[in-house]
Amino acid sequence: MKKLLALLLTLAMVLSMAVCASAADPISLVVWGAEEDQALLAELVEGFKAAYPDQTFDIQIGVESESTAKDTVLTDVEAAADVFAFANDQLNDLVAAGALLDLSGQVSAVLPAYAGKTLEDVMAANGEGSVAAASKDGKLYAFPMGGGNNYFLYYDSTKVSAEQAQSWDGLLAAAEAAGSKVGMTFASGWYNASFFLGAGFIADMNEDGTTVIDWNGTSSDGYTGVDVAKAMAEIAANPGFLAIADGDISNQIASKAVCAVISGTWDAGAAEAAFGEGYAATKLPTFTCAGSQVQMSCYSGFKLMGVNAYSKNSGWAVLLAEYLTNESSQTARFNSRQLAPTNLNAAADEAVSSNIAIAASAAQDVYGSVQNVGGKYWDPTATFGQMVANGELSTADEAAIQNVLDTLVEGVCAAIQ
Amino acid sequence: MEEKSNGFARIGSAFSGFLAGIVQFFSEFGTALAGGDAFVKLSLIWWGAGHFRRKQYVKALLMTLLEVGIILFTFNFAMSYVPKFGTLGTVQAEQVFNIQTMQSEWNDYDNSFMILLFSLFSFVVWAASVVVCMRNVVNAYRLQMEAQQGHHINSFVEDVREYLDKKFHITLLTLPTLGIVIFTLIPMLLLILVAFTNYDQQHMPPTNLFTWVGFSNFVSLFGGGITSTFGYAFVRVLGWTIVWSFFATLTTYFGGILMSLLLNSKLTRCTRLWRTMLVVTIAVPQFVSLLLMRNFFANTGIMNTICANIGLTDFLRKIGLISTSYIPFLSAPIWAHVMIILINIWVGIPYQMLIATGVLMNLPTDQLESARMDGANPFQVFKSITMPYMLQVTGPALVTDFVKNFNNFNVIYLLTQDVYVTTNQFMANSQAKEVDLLVTWLFTLTQDYYNYKMASVIGIMVFVVCAIFTLIGFNFMIRGDKEGTYQ
Amino acid sequence: MTQSKLQPAVHLGKRNTKIILHNALIAFLCFVWIIPIVWLVCTSFSAYPGKNTSTFFPEEWSAIHYVKLLTPDTVNQFPTWFMNTFKIACWTCVISTLFVLMVAYAMSVMRFPARKGLMNLAVLLNLFPGMLSMIAVYFTLKTFGLTNSHIGLILVYSASSGLGYLIAKGFFDTVPRSLCEAARLDGCNEAMIFWKIVLPTSKPIIVYTVISSFLVPWMDFVYAKMILNAGISANYTVAVGLYKMLEKSLINTYFTQFCCGGVLVSIPISILFFIMQKFYVEGVTNGAVKG
């Protein structure tokens, strides 16, 4: 009996020692960033460690593309990284699944305690649009990391004049004259919404997570959905137009098939290489809708950095996420991958404002709106765009177009399940 | 007719044999319990009792340990999940941040998915232990009888030796069966259960709970309701899946035979070289070769460039086959359907060619010779000798191939994912495409829309349809049980 | 041949034309089959890093992307992926082959009460789409702490392999029963018959099973992507790694490297095939006879 007792005592001691030791265990965190961010992240993480010399950290950096982070995170939230970068179109789904920590909740206290700033400071330091894109129902769910995730017009100024680049009519005429094409992706709700939003239609989200669009009705600007669809169909039918499949844009730019193309900052390198001397970029053109010129809108997109709600060390994760998106980190990110800063000080830098692509992106952002749609939005809008691109909508048959728009709206606004 | 009755008789006999087995199992158990001595009865509660009584101490110890293990499993693990099986959990996750520890503190929340998974796991373990327990009683009774009749009772070593001889099948099957139960059976049962829950994007664990909803998912697939387009899409996707499986199986099957006949003809020179060229295509992983094909046939791909250069595109436009400035090889219905089947021929024929080559090597040559003597032309020989032989030998494989193609994820996914955009709005409204198979559709539903409940319903339908086709197929293909032909 | 010697020259000429036509047809078919492979190899030697959609042959030839592929960077760790996959493939191959042979032997040679029932159950299990239960498999592995580990992947690839026993069973069915009976009379038990009599005569089916299970880890990208979800690229298999190169932001810099990877993966598999081709054909054939 005595022996057993002794054994138990030893066991208890070993256990308690293990508990004590765990207090000194390094704080382990995992960060996910895009492939093109890996080298920078490694550098910044070292900076973060140096900023808190009293703590020992064990920080791992993993690869997860910003555009697909949601898929991996939602498969198993508990196994996902503590801090991860994602594009703001995934925010709604991530919040609905409870995967993002509410940064404006109790956890915001760590910022004044350790980083010497408040959450309000962080929000004020970043552009309004970016903070709105990172928030939902008045709560901040992620730190803005970069902007310019919208689309605008790249063009070859040796073939298209700056004036022609202002409107679709000018662009298409210039393309035809130069024997080239103007490219745009129609078969994606992300791109083709620019026509409808420009004409004053809405795309929004209800509280229950369903999407609401009114593209089959009449907009606040007095255009009907049929007007917009007809305008799109006319562009698609023009021989100077090239409908590009979603995801094939960079390839089309690189293969020099186009003299003007609608894309985002990520294609700046490809466009510069393809257009050479003539490389230029500007806001999106206007299009002819029911006889008048309408400025295209766009979805203003942002890259955000969120904290996993199930993070083991959520306090430190918040500090790390904040650090990775602060002014100096954003400047470093601009230098390494030309991601437009959302931090106002970083954005005011000379190098940023003189960047052709970022300047065009910012010029377009004036007409943009933050994307706030649910999962049911994408397939029906892509199908609609594909139908237009294929020339399946005859501009003469308004009833048929109305019918198509009705079905589109019905599909997008359907209940989530 | 005769074949049909034969087939159904087979199923009937298999079923009645199964029932008879169960009845026999229980009656043995009953006799054992009724006729056994105190130790036999005691072994219901203490599994080692019967063995202990007959001085099989090692076995008694092992059985006791197993029993203790199962009891520990039950109370330390199973009981924290199984009681929640009825509701699939009620405690929502909540957290409080503690700035002292810099950590979030969670309540003891329920995770519906884990409750489902671990409950199922527990049920399987319990079912297995009930069977073990009953067998154990029967064994104890057998030992008692042997002891009473003065027979020799096996020592532990002799028992072990038995597992290498008469009971060798148990030794052989234990590990593989365990693997199948954990990695196929339990996951399968779990997803069947999910079809009766509301596990979807609005109810995703761990943050949200899901619960039982009965048959409502089946109703929304077949009965219209909120997802009327689901039924619409299901019928179309099912239709294409069947058409695809049919053509994919038959084209590669006959293509493989023809190719092998061509290659193995006496007229062929350098057979090995040709065969090697074909087999190389198997060695390239499909995700490489098919993704390349997809680029090759893209709207702006090389094939389109070539077709435009030789004027084919313009010609097709003139006769009204296409309305676009490119040939939509993989981006329009019909075109894509045909292309997918053609590309699958490219993928499948080398395999089938290898199989056919082997089978045809065993073709009885005397029949061939006599047919040639009778002046039969090659086609007649093919029709009346080669084909019947091939069908007889590989018929059952044809049915399995059909089921494999029914669930052929790779070819469809790699060729159409991200490039095919449907222009059918009703399909789009339920996240389906004209070129989707049921499996690729359910994959999209789970991966992009987290709609596990509908995916599970579709999975069950796949199962049902495959079962029907297998049944019909085997009725046609198998004439009686061929087992033992060689024995 | 003796016949043709007796035939007049005209017939010989006719036969020759026939041979030429016949072989021309085969050559044409093989040409069609080999085009995508040729394209793959050509593209992998292109100097241009992105997708080439306008010409069949690259405009500029270079082996630079092979060099790049073999020098790891943040995206590409091909040599590590290759070794990972090789390791996984070897283990998968050993376990799968053992499982398949064990089940096949039990079902083919031995007779026991539950045999028919188990075989019917196996048919049923094969009808259910495996894609669907992926999520359940993932969480099962996670329970045992085996996600993001190669052991987990090996289990996924091999644990259920017993279900694919049919072809091997078909093969064992053709092994003459008299051999086994004779061995039994000599005092062999079942285990010895399995090891000493049946396995040695089953080289073709063993080779067939080895090759088919060895291929799985090289081809699968769906399960591997789900299970290796920590984003640690040094853990990837070749399939996951190469597949990630096709992401929108990477495809224009990595497409040619992707092709190089495809070629490099095919080489060992092709070699394996050529060495084992004879056995492979025999194995699949004799098995399929009964399968």
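**Chain C, domain contact.** I looked up where the two domains of chain C touch in this predicted model, and found ten residues of domain 1 in contact with eleven residues of domain 2, two residues being in contact if their C-beta atoms, placed from the backbone, lie within 7 Å. On the domain 1 side, helix α2 (residues 9-44) of chain C gives the most, with four residues; helices (H or I, at least four residues) and strands (E, at least two) are DSSP runs, numbered from the N terminus. I sorted that side of domain 1 of chain C into five nonpolar, four polar and one charged residue, where Ala, Val, Leu, Ile, Met, Phe, Trp, Tyr, Cys and Pro count as nonpolar, Asp, Glu, Lys and Arg as charged, and the others, Gly among them, as polar. The bounds I used for chain C are 2-64 for domain 1 and 68-290 for domain 2, and they come from an automatic or database domain assignment.

**Conventions.** I noted that residues are numbered from 1 along each chain as its sequence is written, and that chains are lettered from A in the order in which they are written. In this predicted model local features need pLDDT of at least 70 and side-chain atom pairs count only at pLDDT 80 or more, while totals for chains, interfaces and linings use all residues.

**Chains B and A.** I then turned to the chain pair, where 32 residues of chain B are in contact with 42 residues of chain A. On the chain B side, α18(B) has the largest share, three residues, and by class that side holds twelve nonpolar, 18 polar and two charged residues.
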